[in-house]
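Me: Could you take a close look at one part of this model for me, the surroundings of a single buried side chain, and then walk outward from there? I'd like the contacts, the charged pairs, the rings and any enclosed space in one connected answer.

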Amino acid sequence: YGSPTAMKNYPAMAEWMQNNGVPTKGHVLVWPGWNWMPSFFEDLAGDPEGLRAAIETHLETIVPLGKDKGLYEWDVVNEPFINHDVLDILGEEVLVDWYESVHEMHEDASLILNEYNIIMGGGRPDFQENFERIITYLQAEGAPLDGIGMQCHFDENLPGISRVLEVLDRYKAFGLPIQITEFDVAIRDEQVQADYLRDFYTAVFSHPATEKIVMWGFYEKVMWKPLGALVRSDWSHKPNYDVYMDLLYHQWWTPDSSGISSESGSFDLRGFNGRYEITVEIEDSLYLFRDRLIKSDTLLELSPANSNSPVGLELGLSDPGQVLVGYPNPFDDQLILS
């Protein structure tokens with residue numbers, strides 16, 4: 001974020017995302033090795049306090065900007081196993097300082113530790129052991145670590161799905177949400193590429209410890225590895241595109257469902273976690289609830305009531321205004337989400 005071009009383009013992109021309702025993650029705040037940091041940081045290698053202050057200034061510049069532009073998550077540290085020049089100088093305790101500092105500036109954001117060779121190629125023991133050591137250290141020190149990211153830039157050395165699940169099981173023990181980050185499969189066999197996306201995404205989606213998959217681009221002309229694209233440079237679709245769209249919008253998408261309630265007044269629906277639009281019609285009254293996030297088992301009850309508060313909550317849910325908003329307002333019925 002040092003060049004005039006970056007300082008112009010990145011806020012503009014983030015603002016576009018914000019204005020168009022696209023959830024946006026920041027990557028990456030500290031890549032703690034000289035290979036990927038601007039050169040002026042390495043110039044401070046002989047001045048530990050100056051180096052510490054320069055990185056803090058960097059965080060103080062970037063984090064509030066991202067917060068203002070609606071970023072909801074940060075990869076605070078990236079690839080510490082191979083990029084550790086800064087840690088060698090300042091000590092690993094500076095990791096805790098960075099997480100605490102970012103949390104203080106953007107307390108609502110989820111803070112992630114990102115690493116590679118955890119799943120890639122089936123995982124490398126030295127990377128895995130170091131990753132676990134750092135996670136354990138951060139948790140022991142009370143650092144605000146909210147999730148762990150596992151980069152998944154795949155080539156021909158594709159790990160078996162059973163191995164993928166073994167790794168996810170291993171890291172589930174930390175009790176942190178697992179993210180698959182930087183996903184792509186850069187191989188020439190397009191059918192194998194599609195098959196692996198289907199099987200890998202299905203395995204990850206099935207695992208209780210995972211919360212998201214971040215794909216590392218989709219269009220051939222702007223992919224860091226063009227072979228990994230879903231869409232060719234002429235905008236034609238590769239087989240992996242068709243698999244991806246089928247999974248998201250057919251296999252894992254709750255279909256439009258409607259019906260008349262039973263004699264007891266209930267209507268049951270089995271669906272996937274996600275955001276829903278719910279319409280309820282009672283006699284001549286119509287109630288519409290847009291963009292409602294529903295997770296796990298949810299009971300939505302609508303019944304006549306003479307309550308002064310139109311929205312009632314149970315089981316410790318948050319601010320009613322963030323859970324349900326009824327249209328049109330005001331309305332007389334009571335809504336209870338439990």
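Reply: Leaving aside neighbours within four places in sequence, histidine 106 is in contact with Val63, Lys67, Leu71 and Trp74. Bear in mind that this is a predicted model. Histidine 106 sits in the loop that runs between helix H5 (93-105) and strand S3 (110-115). Its relative accessibility is 5%, and because buried means under 20%, histidine 106 counts as buried.

One of those contacts, Trp74, takes us to strand S2 (residues 73-78), where glutamate 73 is found. Glutamate 73 is a good place to turn to the charges. Its side chain meets that of lysine 25 in a salt bridge, at 3.7 Å from N to O. This pair links distant parts of the chain, with glutamate 73 in strand S2 and lysine 25 in strand S1 (residues 25-30), 48 residues apart. The two partners differ in exposure: glutamate 73 has a relative accessible area of 1% and is buried, whereas lysine 25, at 21%, counts as partly exposed.

Glutamate 73 also has a salt bridge with lysine 212, at 3.1 Å from N to O. Here too the pair links distant parts of the chain: lysine 212 belongs to strand S6 (residues 210-215) and glutamate 73 to strand S2, 139 residues apart.

For a salt bridge within one helix, look at helix H8. Arginine 198 and aspartate 195 both lie there, 3 residues apart, which is about one turn of the helix. Their closest N and O atoms are 3.2 Å apart. Arginine 198 is partly exposed, with a relative accessible area of 33%, and aspartate 195 is partly exposed as well, at 26%. Back at glutamate 73, salt bridges that share partners join Lys25, Glu73, Asp75 and Lys212 into one network. Over the whole model, the count comes to 13 salt bridges.

Helix H8 brings us to the rings too. The model has 17 aromatic pairs. In one of them, phenylalanine 154 and phenylalanine 200 have ring centres 5.2 Å apart and planes at 75°, so the pair is edge-to-face. Phenylalanine 154 lies in strand S4 (residues 147-154) and phenylalanine 200 in helix H8, so the pair ties together parts that are 46 residues apart in sequence. Both rings belong to buried residues: phenylalanine 154 has 2% relative accessibility and phenylalanine 200 has 0%. Ring pairs also link Phe154, Phe183, Tyr196, Phe200, Tyr201 and Tyr244 into a cluster.

Phe183 from that cluster leads to the enclosed space, since Phe183 is among the residues lining the largest cavity. The model has 1 cavity of 30 Å³ or more, and its volume is about 50 Å³. Strand S5 (178-185) and helix H8 (190-206) are the elements that give two or more residues to the lining. The largest share, 3 residues, comes from S5. Besides Phe183, the lining includes Asp184, Val185, Gln193 and Leu197, along with Met215, Gly217, Gly228, Leu230 and Asn240. By class, the lining has 5 nonpolar, 4 polar and 1 charged residues.

How values were computed. Residues are numbered from 1 along each chain as its sequence is written. This is a predicted model: local features need pLDDT of at least 70, side-chain atom pairs count only at pLDDT 80 or more; totals for chains, interfaces and linings use all residues. Side-chain values use heavy atoms; hydrogens and water are left out. On a 1 Å grid over the protein atoms alone, a cavity is a set of points where a 1.4 Å probe fits but cannot get out, and a pocket is an open set with protein on both sides within 12 Å along at least five of seven lines; lining residues have an atom within 4 Å of a point. Grid points are joined across faces, edges and corners, and a volume is the space filled by probe spheres set on the points. Helices (H or I, at least four residues) and strands (E, at least two) are DSSP runs, numbered from the N terminus. Ala, Val, Leu, Ile, Met, Phe, Trp, Tyr, Cys and Pro count as nonpolar, Asp, Glu, Lys and Arg as charged, and the others, Gly among them, as polar. Buried means under 20% relative accessible area, exposed over 50%, partly exposed in between (1.4 Å probe, protein chains only). Contact means heavy atoms within 4.5 Å. A salt bridge is a side-chain nitrogen of Lys or Arg within 4 Å of a carboxyl oxygen of Asp or Glu. Rings of Phe, Tyr and Trp (its six-membered ring) pair if their centres lie within 6.5 Å; planes under 30 degrees apart count as stacked, over 60 as edge-to-face and the rest as tilted.
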